[in-house]
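Me: I am new to this structure and would like a close look at a single part of it. Please keep the sentences short.

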Amino acid sequence: MGRMPSDRTPPGGISTRLVSLSADSADPPGINDYDSFAEAYTASNENNLINAYYERPAMLALAGDVAGRRILDAGCGSGPLFAALRDRGAIVTGIDKSARMLELARRRLGDDADVQVAELGSPLPFPDDTFDDVTASLVLHYLEDWGPALAELRRVLKPGGRLIVSVDHPFAENLLHREAGLEPDYFATYNYVDEWTVGGQTALLSFWTRPLHAMTDAFTAAGFRITVISEPAVAPDTPRELLPDRIADRRRFLCFLFFVLHAS
Ligand SMILES: C[S@@+](CC[C@H](N)C(=O)[O-])C[C@H]1O[C@@H](n2cnc3c(N)ncnc32)[C@H](O)[C@@H]1O
C-alpha cells in the first residue's frame, strides 16, 4: 500500500485515486493483479516514506528480537520484510498470492529462500503449530472476510505465538473517502477500488475497510489476544526531504494501524 491522507502523490511513493465505493463483493477481472506492476511496486516500496521509513521499521520494532524464531511472512510480496527479519537471525518462510512478486523475492533473497505461492483465506500448506510468529504486512485489507485467514494463521502458529499485523487505518480510509465527497458509513465493512500509479504504471486495487471494532472482534473470535495496538511515528532516520512539511515536526500521520496479537 502507498498512500498518505491529503497527499496523494508522496515523493517516491504511490499516487492513488478513488475509483468507486460499494458493498459489493464481486471483484471485476484484472483487479489486485500485483503480477502486472510487481517491479514498479517493489522499486517504490524499497525507499519510499510509508513503506521503507514507516511501515517496515514499525513492524520490525514490534517484532523485537527475532533471532532463532521461525516466522511466516504472509503476503511477503518481493520480500523486504522477509530480508530484514532474516538479517536479524529469524528463520523465515514467505507466502504470497502473486507469482511475480515471489520471483522478485527470490531475486532478492536467493534461490534457496523458502517462498511459496499461497493465498490467505484458503488452507495454508503448513502443519499445525509450525511458526513462532506470523507477520501480515499490508495484506489483510484485501480480504472481505478475515475469519478463514485468521483461523489458518492461528492454526499454523504455536500456542503463545505472535501475529503481527499492519493494515490500512480505518479512520484514514473513512476520512479519505469523505474528502473525495462520499459519505461512507464508518461502522460498515465496505469495498473500495483505487487506481494506483506507481513508476508510471497504473493498476486497480480493491480493498475492504472495516471499523476498528470489527478488526478486534475478528482477532478475538479467531483465538488471538490483543497485546498491542500501535500508531507509530516514522523511523528516526527518515530523510527530511521525504517528510511533507505539515508532519515534519510531529512525524506522525494517520495511515496504517498495527497490532501485536498472541495465539491463546
Ligand atoms: C501492499 S503489498 C505488501 C507486500 C509486503 N508485505 C510488503 O510490505 O512489502 C500486498 C501483497 O499482498 C499480496 N496479497 C494480496 N492478497 C493476498 C492474499 N489473499 N493472499 C496472499 N497474498 C496476497 C499481494 O500479492 C502483494 O504482494
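How many residues lie between S7 and S8 in their hairpin, and which residue in the turn has a positive phi? Please start there, then take me outwards through the rest.

Reply: A word first: this is a predicted model.

Start at the hairpin. S7 and S8 form it, with two residues between them. The turn holds Gly 199, whose phi is positive, at about 55°.

Now follow the two arms. S7 covers residues 190-198. S8 covers residues 201-209. They pair in the antiparallel sense, and nine bridges join them. Two pairs can be named. Tyr 190 in S7 stands opposite Thr 209 in S8. Asn 191 has Trp 208 as its bridge partner in S8.

The hairpin belongs to a sheet. That sheet is open and has three strands, in the order S1-S7-S8. Its pairing is antiparallel. S1 spans residues 15-22. Seven bridges join S1 and S7, again in the antiparallel sense. Among the facing residues, Leu 18 stands opposite Asp 194 in S7. S1 and S8 are the edge strands, and each pairs on one side only. From one strand to the next, the twist averages 25°.

A general point helps when you look at any such strand. Side chains in a regular strand alternate between the two faces of the sheet.

Next comes the other sheet. This one is open too, with seven strands in the order S4-S3-S2-S5-S6-S10-S9. Its pairing is mixed. S4 (114-117) and S9 stand at the edges with a single partner strand each, so one side of each is left without a neighbour in the sheet. The twist here averages 20° from one strand to the next.

Look at S10 within this sheet. It runs over residues 256-263, and seven of its eight residues are buried, so the rest of the structure largely encloses it. S10 has S6 on one side of it in the strand order and S9 on the other. S6 (residues 157-168) runs antiparallel to S10, and seven bridges join the two. In that pairing, Val 167 has Leu 257 of S10 as its bridge partner. S9 (residues 224-230) also runs antiparallel to S10, and six bridges link them. There, Arg 225 stands opposite His 262 in S10.

Now the helices. H4 (residues 99-109) lies across S3 (91-96) and S4. H4 runs at about 170° to S4.

H2 and H3 make a pair of their own. Two packed helices are described by the angle between their axes and the distance between the axes. For H2 (residues 49-63) and H3 (residues 80-87), the axes come within 11 Å and cross at roughly 35°. The crossing is right-handed. On the H2 side, the contact is made by Arg 56, Met 59, Leu 60 and Ala 63. On the H3 side, Pro 80, Leu 81, Ala 84 and Leu 85 meet them. By type, the contact holds seven nonpolar residues, no polar ones and one charged.

H6 (residues 170-179) contains Leu 176. Leu 176 has 24 C-beta neighbours inside 10 Å, so it counts as buried. It also brings together distant parts of the sequence: Leu 176 and Cys 255 are 79 residues apart in sequence, but 10 Å apart in space, C-alpha to C-alpha.

Two loop residues return us to phi. Most residues other than glycine have a negative phi. Leu 138 has a positive one, near 60°. Leu 138 sits in the loop between S5 (131-137) and H5 (147-156). It counts as buried because 22 C-beta neighbours lie inside 10 Å. Arg 251 is not a glycine either, and its phi is positive, at about 60°. Arg 251 is in the loop between S9 and S10. With 15 C-beta neighbours inside 10 Å, Arg 251 counts as partly exposed.

Last, the ligand. Its surroundings comprise 20 residues. Those that come nearest are Gly 75, Gly 77, Lys 97, Ser 98 and Ser 137. This shell divides into 11 nonpolar, six polar and three charged residues.

Go back to the hairpin with this in view. S7 and S8 meet at a turn that includes Gly 199, and S1 completes the order S1-S7-S8.

Technical notes:
Residues are numbered from 1 along each chain as its sequence is written. This is a predicted model: local features need pLDDT of at least 70, side-chain atom pairs count only at pLDDT 80 or more; totals for chains, interfaces and linings use all residues. A residue is near a molecule or strand if its C-beta atom, placed from the backbone, lies within 6 Å of it. Ala, Val, Leu, Ile, Met, Phe, Trp, Tyr, Cys and Pro count as nonpolar, Asp, Glu, Lys and Arg as charged, and the others, Gly among them, as polar. A residue is buried if 20 or more other C-beta atoms lie within 10 Å of its own, exposed if 12 or fewer, and partly exposed in between; C-beta atoms are placed from the backbone. Helices (H or I, at least four residues) and strands (E, at least two) are DSSP runs, numbered from the N terminus. Two strands pair if DSSP finds at least two bridges between them. Axes are lines fitted to C-alpha atoms, for helices over the stretch in contact, and angles run from 0 to 180 degrees between N-to-C directions. A crossing is left-handed if the near helix is turned anticlockwise from the far one by less than a right angle, and right-handed if clockwise. Two residues are in contact if their C-beta atoms, placed from the backbone, lie within 7 Å.
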